[in-house]
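Biologist: Before I ask anything, please put the sequence and the structure up where we can both see them.

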Amino acid sequence: MHEENQQLDELPEALVRALKAEEATTLLVPKSVDQAVAEAAHSHFQQLTPRWWTLPATLAACVLVTVVAVQLVRSPDLKGDVDGSGQVDVLDAFALARMQQTNSDIQTADIERLMTRIVSLEEPST
């Protein structure tokens, strides 16, 4: 015996008849109502065509959020983090020395101060 029918056998006969009668009268949406709803939806969504500026504005917002997130992740006390690795180490001094070859604003004293800070055993002051 099917599980559904088995469950029905446990119910009173009057309730089973009422449930079967209710099941037989299914509510159908008339075709005219269904078509009217479909046309109204089509008309409504046709008016919601995307504007020309939505894609560029969305892309600009994504770029802005990414830039802000990157800036927030970086610690503000890493002023000597030349290579952007998130920590101040000897690689930053090497990068600064390489940059000095093409940038005359970088002084040898700047590189030496950075190296002194890196090899110092004291915590950097904020």
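**A walk through the chain**

Biologist: What separates Asp110 and Arg113 in helix H6?

Modeller: Keep in mind that this is a predicted model. Helix H6 covers residues 108-119, and Asp110 and Arg113 are three residues apart in it. The separation is therefore about one helical turn.

Biologist: How far apart are the closest N and O atoms of Asp110 and Arg113?

Modeller: The structure holds one salt bridge. Its partners are Asp110 and Arg113. Their closest N and O atoms lie at a distance of 2.4 Å.

Biologist: Does Arg113 count as buried, partly exposed or exposed?

Modeller: Its partner Asp110 has 28% relative accessibility and so counts as partly exposed. Arg113 has 52%, and the class that begins over 50% is called exposed. Arg113 is therefore exposed.

Biologist: How many helices are in the chain?

Modeller: Read from the N terminus, the elements run α-α-α-α-α-α. The number of strands is zero, and the number of helices is six.

Biologist: What share of the residues of the chain count as buried?

Modeller: The chain exposes about 11100 Å², and carbon and sulfur atoms supply 60% of that area. A residue must have under 20% relative accessible area to be called buried. Of the 126 residues, the share that count as buried is 8%.

Biologist: Which residues make the largest nonpolar core?

Modeller: This core has five residues. Helix H5 (90-100) and H6 each supply at least two of them. The members are Ala93, Leu96, Ile106, Ile111 and Leu114.

Biologist: Which residues does Leu114 contact, apart from its neighbours within four places in sequence?

Modeller: Leu114 belongs to the largest nonpolar core. Two other members of that core, Ala93 and Leu96, are in contact with Leu114. The full list is Gly80, Val82, Val88, Asp92, Ala93 and Leu96.

Biologist: Which helix do the buried residues of H5 pack against?

Modeller: The buried residues in H5 are Asp92, Ala93, Ala95 and Leu96. Seen down the helix axis, they fall within an arc of 160°, so they line one face of H5. These buried residues pack against H6.

Biologist: Is Asp81 buried or exposed?

Modeller: Asp81 sits in the loop between helix H4 (54-73) and H5. Leaving out residues up to four places away in sequence, Asp81 touches Gly86, Gln87, Val88 and Asp92. At 16% relative accessibility, Asp81 counts as buried.

Biologist: How far is Val119 from Asp89 in space, C-alpha to C-alpha?

Modeller: Val119 is in helix H6. At 59% relative accessibility, Val119 counts as exposed. Val119 and Asp89 are 30 residues apart in sequence, while their C-alpha distance is 8.5 Å.

Biologist: What share of contacts between residues at least 6 apart in sequence join residues at least 24 apart?

Modeller: The pair Val119 and Asp89, which are 30 residues apart in sequence, gives a sense of such a separation. Contact here means heavy atoms within 4.5 Å. Over the chain, the share is 28%.

Biologist: Which residues make the nonpolar surface patch of about 240 Å²?

Modeller: One of them, Leu11, lies in the loop between helix H1 (3-9) and helix H2 (13-24). At 35% relative accessibility, Leu11 counts as partly exposed, and a patch takes residues with over 30%. The patch is made by Leu11, Leu15 and Leu19.

Key
Residues numbered from 1 in each chain as written. Predicted model: local features only at pLDDT ≥ 70, side-chain atom pairs only at ≥ 80, totals over all residues. Heavy atoms only, no water. Patch = residues over 30% accessible without salt bridge, like charges linked within 9 Å, V, L, I, M, F, W, Y side chains within 5 Å. Areas by Shrake-Rupley, 256 points an atom, 1.4 Å probe, with all protein chains shown as cover. Salt bridge = Lys/Arg side-chain N within 4 Å of Asp/Glu carboxyl O. Helix = DSSP H or I, 4+ residues; strand = E, 2+ residues; numbered from the N terminus. Buried < 20%, exposed > 50% of the residue type's maximum accessible area, 1.4 Å probe, protein only. Core = buried A, V, L, I, M, F, W, Y, C linked by side-chain atoms within 4.5 Å. Arc of directions from axis to C-beta.
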